[in-house]
Amino acid sequence: MKLNIILISALFILSSCGYSMRGSVNIPSSITSVSVISSEYSELVNILNSSLTSSNIETSISMSNDLYRIAILSEKFNRRQLSINISGRVNEYELIYDVNFELKIPNEKPIKDRVTLYRDYSFDENNVMGNSDREDDIKKGMVSTASTLIFNKLIALTRK
């Protein structure tokens, strides 16, 4: 009996303080369908479509002005040296992911924006395969983060 009271109290306290599960977003009811487009294949578009679908929002590739629209205008990865060792070999690299996109609210002017993410990692010249795997994982994480930022920006625009 005491355990039930403690459990119910804990659940009540968590729900009353505004706690919500990570990844859950209060989506305005006006967003029922979103068009996600890009001029070329993009993993970012795939992740955005998955996020929208998991939030019970229909996705399409329509160019209609009656829909919310996310247009990925460009995206690119760059890599630069962050540090070198005494013998002149690279110790660290920095990955830069730059995404230009446009958000369109129905019957309003489109808004262009940009997300730039930076991540760095240590480079081990004795483990080239491990380095490329690490870089691929970092890139996937950056694309996922960018999709979350774009999705949240769309939601913020609808709440103005």
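This talk goes through the fold, the first strand and the aromatic pairs of one protein chain.

A word on the source before the details: this is a predicted model. The values I give are computed from it.

I start with the overall layout. The protein chain has three helices and five strands. Read from the N terminus, their order is α-β-α-β-β-β-β-α. Of the 160 residues in the chain, 30% are buried. The exposed surface comes to about 10600 Å², and carbon and sulfur atoms supply 53% of that area. On contacts, take those with a separation of 6 or more: residues 24 or more positions apart account for 65% of them.

Next, strand S1, which covers residues 33–38. Is this strand enclosed or open? Five of its six residues are buried, so S1 is largely enclosed by the rest of the structure. It runs parallel to strand S2, residues 58–60, and three bridges join the two. One position to look at on the screen is Val 34, which stands opposite Thr 59 in S2. Between these two strands the chain passes through helix H2, residues 43–54, and the resulting β-α-β crossover is right-handed.

S1 also pairs with S3, again in parallel, through five bridges. Here Ser 35 has Arg 69 as its bridge partner in S3.

Ser 33 belongs to S1 as well. Its relative accessible area is 14%, and because the cut-off for buried is under 20%, Ser 33 counts as buried. What does Ser 33 touch, leaving aside residues up to four places away in sequence? The list is Ile 57, Glu 58, Leu 67 and Tyr 68.

Now the aromatic rings. How many aromatic pairs does a search of the whole structure find? There are two. The rings of Phe 77 and Tyr 97 have centres 4.3 Å apart and planes at 20°; planes under 30 degrees apart count as stacked, so this pair is stacked. Phe 77 sits in strand S3, residues 68–84, and Tyr 97 in strand S4, residues 90–104, so the pair ties together parts that are 20 residues apart in sequence.

The two partners differ in cover. Phe 77 has 30% relative accessibility and counts as partly exposed. Tyr 97 is at 0%, which makes it buried.

The other pair is Tyr 93 with Tyr 121. Their ring centres are 6.1 Å apart and their planes are at 35°, so the pair is tilted. This pair links distant parts of the chain, with Tyr 93 in strand S4 and Tyr 121 in strand S5, residues 111–122, a separation of 28 residues. Are these two tyrosines buried or exposed? Both Tyr 93 and Tyr 121 are buried.

Two of these rings also have a charged side chain over them. Which residue lies over the face of Tyr 93? That is Arg 79, at 4.0 Å from the ring centre. Over the ring of Phe 77 sits the charged end of Lys 139, 5.1 Å from the centre. So Phe 77 has to be read with two partners in view: Tyr 97, with which it is stacked, and Lys 139, whose charged end sits over its ring. Likewise, Tyr 93 is paired with Tyr 121 and has Arg 79 over its face.

That is the end of my part.

Conventions. Residues are numbered from 1 along each chain as its sequence is written. This is a predicted model: local features need pLDDT of at least 70, side-chain atom pairs count only at pLDDT 80 or more; totals for chains, interfaces and linings use all residues. Side-chain values use heavy atoms; hydrogens and water are left out. Rings of Phe, Tyr and Trp (its six-membered ring) pair if their centres lie within 6.5 Å; planes under 30 degrees apart count as stacked, over 60 as edge-to-face and the rest as tilted. Helices (H or I, at least four residues) and strands (E, at least two) are DSSP runs, numbered from the N terminus. Buried means under 20% relative accessible area, exposed over 50%, partly exposed in between (1.4 Å probe, protein chains only). A charge sits over a ring if NZ of Lys or CZ of Arg is within 6 Å of the ring centre and within 35 degrees of the ring normal. Contact means heavy atoms within 4.5 Å. Accessible areas come from the Shrake-Rupley method with a 1.4 Å probe; for residues, only the protein chains shown count as cover. Two strands pair if DSSP finds at least two bridges between them. A crossover is right-handed if, with the strands pointing away from the viewer, the path from the first strand over the helix to the second runs clockwise.
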